[in-house]
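Here is a friendly tour of one protein chain for anyone who likes to have the structure open while reading. Please keep the viewer at hand and look up each residue as it comes up.

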Amino acid sequence: MVAAAYLARTGRRVQVLERLDHVGGAAVSAHAFDGVDARLSRYSYLVSLLPRRILDDLGARIRLVKRRYSSYTPDPATGGHTGLLIGPTSTFNAIGAAGDEAGFTDFYRRFRTVTERVWPTLTTPLMTREQVRRHVLAGGDADTWQAVTEAPIGHAITAAARSDLVRGVMATDALIGTLARTDDPSLVQNVCFLYHLLGGGTGGWDVPVGGMGAVSGALAAAAAGFGAEITTGAEVTTVTPDGELTYRANGREHRVGARFVLANVTPAVLAGLLDEPAPSSMPGCQVKVNLMLRRLPKLRDTTVTAEQAFGGTFHVNETLRQLDAAHDRAADGEVPQPLPCEIYCHSLTDPTILSDELRAVGAQTLTVFGLHTPHSLPADGDDERIRNTLTSAALTSLNSVLAEPIQDVVMEDAAGRLCIETKTTTDLEHSLNMTGGNIFHGGLQWPFAEADEPLDTAAQRWGVATRHPRIMLCGSGSRRGGGVSGIGGHNAAMAVLDSSA
């Protein structure tokens, strides 16, 4: 949508071909439960990496709201009877970690000196690693740059805090959607960590008012307003290096040609359309469980309210030791016990996704995001069994720190079924064509070029190149794509305009 809007704005003739019957991909809202008037962000759920510049350029009316609290983490050592609340007031002393508060605060202050300098570069031509390093050091320090890009991020985390729980809260930013330990020498976790702290230069993750569908809808409206033609229900079946492609729509096959083809699919899917060998990619490693609640559940920790605890990110069984153990078990193809989880309550910050009736009775939505789940399980091939296994693991983990089972406060739909919807990596692969269910389209990359990478063409300079000059990536598979950002689309559009100059 972003690429289409930018190019249509310049007078280019743009056609968008969308396989599904609606635009938005993973950034959509849906009435997930029969007879329940709530618009849930079915797949993606928070926004951080979408630059304000893109919204201003395109005139897209998208409202993002900050959450009141940063996070709450029940202490698994006490069964959730104590916990760490981080927000306007923080409770490090409640978990015996008062001495870590200064180190925790300084940790994020130091890394902000890196992210504030790197963030504006994501919508400019690629800089090299050395150029970015020099740019960062003009406003930061060499030790922090090295901690981000040269040593496993776990080293900096363990140096900053002594509490295993505090370390875990810090480590999750490096592990969401990435199967790795914080001490992995490959540094894939460092790349994930950088992106999670990059948004706006501050790393804030905001709630989109109206749900994720409001984001996609506003961008689609911008693209259409500039003259882009959007065709849904159009499944592309082949692409040639010369910019010709075929697609099926309304029971017929169509053939079109273009000077440039911008692909918002995974690199592996694009290779299949080009009839080329697929590049290697990492499978996904997460599960998402959407819930509709009659009310928020009761906590074992009586010093915080449910509104405080669920007003930010609710961490469950995510101490550093638990995260490492979960990784090792997932790497062996087993579901971690307990499953590390992060919980979000969209409706506390944005009640507009609920009907007046649901708001009046205190209903709330809840998203449980489980980390370190293996893409392949012993029940491989039985999708429903896998879904049930992961649902049970996520809810069991959450229940381990609640004063009542979460199932006791889950609403029923019109047919009397519990309002629980689970999306596994297999579901993402089947419904959204995400290879291996990887939410980053195969794996995040550093947002800069290495010294030996060619930057000769406009597509290479903007980080959207494929093997073919007329075909570019415009989504999460591009060099600085990933998340609900629009950055891949912006950069692909800029590459087209530079190539046409």
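At what angle do helix α6 and helix α7 pack, and how far apart are their axes? Helix α6 (residues 153-160) meets helix α7 (residues 164-171) at about 140°, and the axes lie 9 Å apart. That angle makes α6 oblique to α7. Please bear in mind that this is a predicted model. The points below start with the helix pairs, then turn to the sheets, a salt bridge and some backbone details.

**Helix α6 with helix α7**

- The crossing in which α6 passes α7 is right-handed.
- On the α6 side, the contact is made by I157, T158 and A160, while α7 brings R167, M170 and A171.
- Sorted by character, the residues of this contact of α6 with α7 comprise 4 nonpolar, 1 polar and 1 charged.

**Helix α1 and its partners α18 and α9**

- Two numbers describe a pair of packed helices: the angle between the axes and the distance between the axes.
- For helix α1 (residues 2-9) and helix α18 (residues 487-500), the angle is about 35° and the axes are 7 Å apart.
- α1 passes α18 in a right-handed crossing.
- From α1, the residues V2, A3, Y6 and L7 take part in this contact, and from α18 the residues G489, H490, A493, M494, V496 and L497 do.
- The contact of α1 with α18 is made up of 8 nonpolar residues and 2 polar ones, with no charged residue.
- Helix α9 (residues 212-225) also packs with α1: their axes come within 8 Å and cross at roughly 25°.
- Because of that angle, α1 counts as roughly parallel to α9.
- Here the crossing of α1 past α9 is left-handed.
- In α1, V2, A4, A5 and A8 meet L219, A222 and A223 of α9.
- The contact of α1 with α9 has 7 nonpolar residues, no polar and no charged.
- V2 is worth a click, since V2 appears in the contact with α18 and also in the contact with α9.

**The seven-strand sheet**

- Strands of a sheet pair through backbone hydrogen bonds, in either a parallel or an antiparallel sense.
- One open sheet has 7 strands in the order β6-β5-β14-β15-β16-β13-β17, and its pairing is mixed.
- β6 (83-86) and β17 (420-423) are at the edges with a single partner strand each, so one side of each has no neighbour in the sheet.
- From one strand to the next, the twist averages 15°.
- Within this sheet, strand β5 (residues 71-74) pairs in the parallel sense with strand β14 (residues 313-316) over 2 bridges.
- Y72 has F314 of β14 standing opposite.
- Helix α7 packs on this sheet, where α7 touches β5, β6 and β14. The direction of α7 makes about 135° with that of β5.

**The three-strand sheet**

- Another open sheet consists of 3 strands in the order β9-β10-β11, with antiparallel pairing.
- The edges are β9 (235-239) and β11 (252-257), and each has a single partner strand, so one side of each is left without a neighbour in the sheet.
- The average twist from one strand to the next is 25°.
- β9 and strand β10 (residues 244-249) run antiparallel and are joined by 4 bridges.
- Opposite E235 stands R248 in β10.
- In the hairpin of β9 and β10 there are 4 residues between the strands, and G243 takes a positive phi near 90°.

**Salt bridges**

- The whole structure contains 21 salt bridges.
- One of them joins the side chains of R129 and E450, at 2.8 Å from N to O.
- This pair links distant parts of the chain, as R129 and E450 are 321 residues apart. R129 belongs to helix α4 (residues 129-137), and E450 is in the loop between α16 (425-432) and α17 (458-461).

**Backbone details to check**

- Most residues other than glycine have a negative phi, and most peptide bonds are trans.
- N317 has a positive phi, near 50°, and is not a glycine.
- To find N317, look in the loop between β14 and α12.
- A cis peptide bond runs from Q337 to P338, with omega near 0°.
- P338 is in the loop between α12 (320-331) and β15 (341-344).

Conventions: Residues numbered from 1 in each chain as written. Predicted model: local features only at pLDDT ≥ 70, side-chain atom pairs only at ≥ 80, totals over all residues. Heavy atoms only, no water. Axes fitted to C-alpha atoms, helices over the stretch in contact; angles between N-to-C directions. Parallel < 35°, antiparallel > 145°, perpendicular 65-115°, else oblique. Left-handed = near helix turned anticlockwise from the far one by under 90°. Contact = heavy atoms within 4.5 Å. Nonpolar A, V, L, I, M, F, W, Y, C, P; charged D, E, K, R; others polar. Pairing = 2+ DSSP bridges. Salt bridge = Lys/Arg side-chain N within 4 Å of Asp/Glu carboxyl O.
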